[in-house]
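Trainee: I am new to this structure and would love a close look at one helix and its surroundings. Could you walk me through that part, starting from the whole chain?

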Amino acid sequence: MRLALQGARVAAAQGEVPVGAVVVRDDEWLATGWNAPVAGHDPTAHAEIRALRDAARVLGNYRLDGCTLYVTLEPCLMCAGAMLHARLARVVFGAVDPKTGAGGSVLDVFGDKRLNHQTQVCGGVLAHDCSVLLQEFFADRRSERRARAEPLREDALRTPEACFAALDGAEHARYVRDLPALDGLRLHYEDWGSPGAPTGWLLVHGPRGWSLEWRHLAAALAELGQRVIVPDLIGFGRSDKLKKEAAYSLQGQAGALAQLLRRLGMERVVLVVPGSEWARAWATRLQPLCVGTQVVPEPVLTPQAADAPYPDAGHRAGQRALARRQAHEETERAVEAASLTTVQALGLPTAFTFDGPEDARLLARRAVEYFAL
């Protein structure tokens, strides 16, 4: 089945539905096939059919007595019929197909006693791996369709979805582009926890980070029944990125966040931000929505995850612009009276970090108790 999965990945790379198949006899590999109906303009070019054809050529016989076919997805009616004609001894599949499966899900062709041959069937082998490959493929397809439906401004860039393929977070992804402050740019955010709650938490990444850094804390707060909004600022993460550094300002970013919170019905939020200077800059610009500000250490991302949204230097204009503004004029003008809560106020040590889920759960519990939303 792992060889069949390799074939499925080849199909995915070629833009085909990722299904792979392998034929073996007496533990000897005979043939591998993967889906190719799109490229070949051939409705019969399923992975199983292609593997059967190659195996028959190897053996010099269309009868494949004593052979086993491994396939990553439950066979359809066409493929099941071909397997019966080939007199396969056994079929082993990974993921079930509840819509067209002929191995027991919709039809049970192999076990029909009215037919002159019955093939043994075993399903669920490496089912998770096979299912995940299919789910990721169709999720990417949906994302690509959304991107095509959402035109990109000429002065902006949009990170290809393929850059995020190996990362978590797609299941919480939301997009908005019709807020006045966005002026047609697409902003990504995640909405965790209690849907529709008017109070909750706003997790804003630092000038070198993006929304993925909050995944553990967002999950921990959601487990406690809290609503959590996690945006990517324009120029960061999955959001659109303006090409020119001069186009970025904290005021513009804060305006977009305030409009987003009001759109989502959020009336009161606790702001969570890495670093006190960065926190003051946001706290003063998000009044009166911000009822408290929690300063935390910078969450840790692997280098691969940190760089995923930025395939080249052109995608990093927002990082450069906001890092410079943080270090200079805009944070200098921030109102120093902004009330900030440190991790020490939560009873945590000065050297506290949250590199993983357990640290995030501890921080979440203390913060929820402290702010009592």
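**A helix in its setting**

Mentor: Happy to! Of the 373 residues in the protein chain, 49% are buried, where buried means under 20% relative accessible area, exposed over 50%, and partly exposed in between, with a 1.4 Å probe and protein chains only. Please keep in mind that this is a predicted model, in which local features need pLDDT of at least 70 and side-chain atom pairs count only at pLDDT 80 or more, while totals for chains, interfaces and linings use all residues. Residues are numbered from 1 along each chain as its sequence is written, and side-chain values use heavy atoms, leaving out hydrogens and water.

The protein chain has 12 helices and 13 strands; helices (H or I, at least four residues) and strands (E, at least two) are DSSP runs numbered from the N terminus. Its radius of gyration is 26 Å, well over the 21 Å that the globule rule gives for 373 residues, so the chain is more spread out than a compact globule. That radius is taken over C-alpha atoms, and the rule is 2.2 Å times the number of residues to the power 0.38. Along its principal axes, the C-alpha trace spans about 85 × 45 × 35 Å.

Now to the helix itself. Helix α3 covers residues 47-59, and its 13 residues should span 18 Å at 1.5 Å a residue, which agrees with the 18 Å between its end C-alpha atoms. The expected span here is 1.5 Å times one less than the number of residues.

Which residues of α3 are buried? They are Ala 47, Glu 48, Ile 49, Ala 51, Leu 52, Ala 55 and Ala 56. The buried residues of α3 pack against three strands and a helix: β1 (20-25), β2 (28-34), β3 (67-73) and α4 (77-85). Contact means heavy atoms within 4.5 Å. Right after α3 comes Gly 60, with a positive phi near 70°.

Two of those neighbours, β1 and β2, are joined by a loop that holds Asp 26. Phi of Asp 26 is also positive, near 55°, in a residue other than glycine. Asp 26 is exposed, with a relative accessible area of 70%.

For another such case, look at Asp 183 in the loop between β7 (173-176) and β8 (187-192). Asp 183 is not a glycine, yet its phi is positive, about 50°. With a relative accessible area of 57%, Asp 183 is exposed.
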